[in-house]
Number of protein chains: 2
Amino acid sequence: MKQNIYDDPKFFKEYSALRESGITYNDFVEQPAIKSAISNLDGKSVLDLGCGTGEFAKYCIENGASKVLGVDISANMIEKAKKENAHNNIDYICISIEDLELENQKFDLVISSLAVHYVEDYANLIKKVRNLLTKNGEFIFSTEHPIVTAKKEMNGWVKDVDGNKLHWSLDNYQEEGKREQHWYIDGVIKYHRTISTLVNTLIENGLVLEKIIEPQSIPVGLQKMPKLVNEKRRPSFIVIKSRNSF
Amino acid sequence: MKQNIYDDPKFFKEYSALRESGITYNDFVEQPAIKSAISNLDGKSVLDLGCGTGEFAKYCIENGASKVLGVDISANMIEKAKKENAHNNIDYICISIEDLELENQKFDLVISSLAVHYVEDYANLIKKVRNLLTKNGEFIFSTEHPIVTAKKEMNGWVKDVDGNKLHWSLDNYQEEGKREQHWYIDGVIKYHRTISTLVNTLIENGLVLEKIIEPQSIPVGLQKMPKLVNEKRRPSFIVIKSRNSF
């Protein structure tokens, strides 16, 4: 079952306002990390899985990529992408990652920013990506960190009576699968996977692990969003870079 | 500063009694995992860093290894190893991992069971191991899981008034370095490192990551040591397997 929270009107409204603020975990933690993992965009063909409103697709073109294909399940997102981040060398398709089929196409870089935790069948996703990569093509993705997704009751920070964060609570680490949470709307579903599953599935499918990043905030983020200091205490995200060795 | 808790008489006595019981985390969680990661011992030369009393060295010989060099900082441990696990094809040396220098020697397998978290300079250790490996030689080690070593105040489980474990507490994840705890004696020092440091340092030194294991208990362990069911809730150990690509 493919989830499409981004076409829920309430969610989309709240999420859009958040992203437009420019004061988010994406801006200060996740995006700087995933961008730092890219070796080189010059002349590269890029596939962006879960491209959202196309900012990253545009970034790739502006930094030398020859063409980008952006894929997203949300019609709202793709509509916005086509309006705000259109370019001759960017194509946007509205389809779920699971349903995407691209016969005979290969990409030098497949990227996915914070979409993998919505995909139920991770092994199948990796097989698909592997077949879409050129020789030595790179697959770079970010996902919520297993430390953050592990606990079934998703109330992470334990606080004292004054609201100070005492520590992060972790549980159910080895029980992979569905985690349901409230994020603007009820019933947002993400999938928890262990570090070993995230990494070993890549390797078993012929990808070479190149780097793991557990990002902290960039300096400006600590000024504009002081709570990002907590990223030192437990990582929200993990970025994994791999390369197709075939 | 190299730590040698195993030559503290009180520690050694308590630790020896524990290991001889055969009812330990090592027996049911860590050792099965590290052994499962070994591809093949036939005719292999093995270096065991932190060999303790030599059970693993003996295991390697019994499973086809041609020779084993066991290294440990503790004179107590090496004395016991020479008494209890002597073999023509096993050598034991009493020296710290940090001080070990083996000019012109290469090994098909370097293994280290629960010793890496005592070593302060991880990058230096990896450089040393890399130079000791044959082409395609394997480096397999287990260490305490970063989820377990992260928090500076090492009181992991949060319990209710009846002593039931509510969740595992995590903090200080990004602050690598010294963690001091009481384990039979005061002042046992271990070093916390993030997952990304554990993995990236291997890759930066020319090793290819082959597998990560976050082990749970084998079935018999759950019968003999019921608290091992908690390994499902948070992993105590991580086993990392890599290969020398040069």
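Select strand E1 (residues 45-49) and strand E2 (residues 67-72) of chain A: the two pair in the parallel sense over five bridges. Strands here are DSSP runs of E with at least two residues, helices are runs of H or I with at least four, and both are numbered from the N terminus. Two strands count as paired if DSSP finds at least two bridges between them. Within this pair, Leu47(A) has Leu69(A) of E2(A) as its bridge partner.

The model is predicted, so local features are given only at pLDDT of at least 70 and side-chain atom pairs only at pLDDT 80 or more, while totals for chains, interfaces and linings use all residues. Residues are numbered from 1 along each chain as its sequence is written, and chains are lettered from A and ligands numbered from 1 in the order in which they are written.

**The sheet of chain A**

Next, extend the selection to the whole sheet. It is an open sheet of seven strands with mixed pairing, in the order E3-E2-E1-E4-E5-E11-E10 (chain A). Its edges are strand E3 (90-94) and strand E10 (207-213) of chain A, each of which pairs on one side only. From one strand to the next, the twist averages 15 degrees. Now add helix H7 (residues 195-204) of chain A, which packs on the sheet and touches E10 and strand E11 (237-244) of chain A. The direction of H7(A) makes about 155 degrees with that of E10(A); axes are lines fitted to C-alpha atoms, for helices over the stretch in contact, and angles run from 0 to 180 degrees between N-to-C directions.

**Two helices**

Keep H7(A) and select helix H5 (residues 122-132) of chain A. The axes of H5(A) and H7(A) come within 10 Å and cross at roughly 35 degrees. Tyr122(A), Ala123(A) and Ile126(A) of H5(A) meet Thr197(A), Thr201(A) and Leu202(A) of H7(A) in this contact, where contact requires C-beta atoms, placed from the backbone, to lie within 7 Å. By class, these residues are four nonpolar, two polar and no charged. Here Ala, Val, Leu, Ile, Met, Phe, Trp, Tyr, Cys and Pro count as nonpolar, Asp, Glu, Lys and Arg as charged, and the others, Gly among them, as polar.

**A loop residue**

Move to Leu114(A), in the loop between strand E4 (107-113) and H5 of chain A. Although Leu114(A) is not a glycine, it has a positive phi of about 50 degrees.

**Where the chains meet**

Display both chains. A turn of 180 degrees, with a shift of 0.0 Å along the axis, lays chain B on chain A with an RMSD of 0.0 Å; the copies are superposed by least squares on the C-alpha atoms of residues with pLDDT of at least 70 in both. That is the relation of a two-fold axis. The same surface serves both copies, as 100% of the contact residues of chain B recur in chain A. To find the axis, select Ser169(B), the residue of chain B that comes closest to it, at 2.4 Å (C-alpha).

The contact takes 29 residues from chain B and 29 residues from chain A. On the side of chain B that touches chain A, two or more residues each come from strand E7 (165-170), helix H7 (195-204) and strand E10 (207-213) of chain B. E10(B) gives the largest share, six residues. That side of chain B has 12 nonpolar, eight polar and nine charged residues.

Finally, select strand E7 (residues 165-170) of chain A together with E7(B): three bridges join these strands, which run antiparallel. Leu170(A) stands opposite Trp168(B) in E7(B).

Methods
Contact = placed C-beta atoms within 7 Å.
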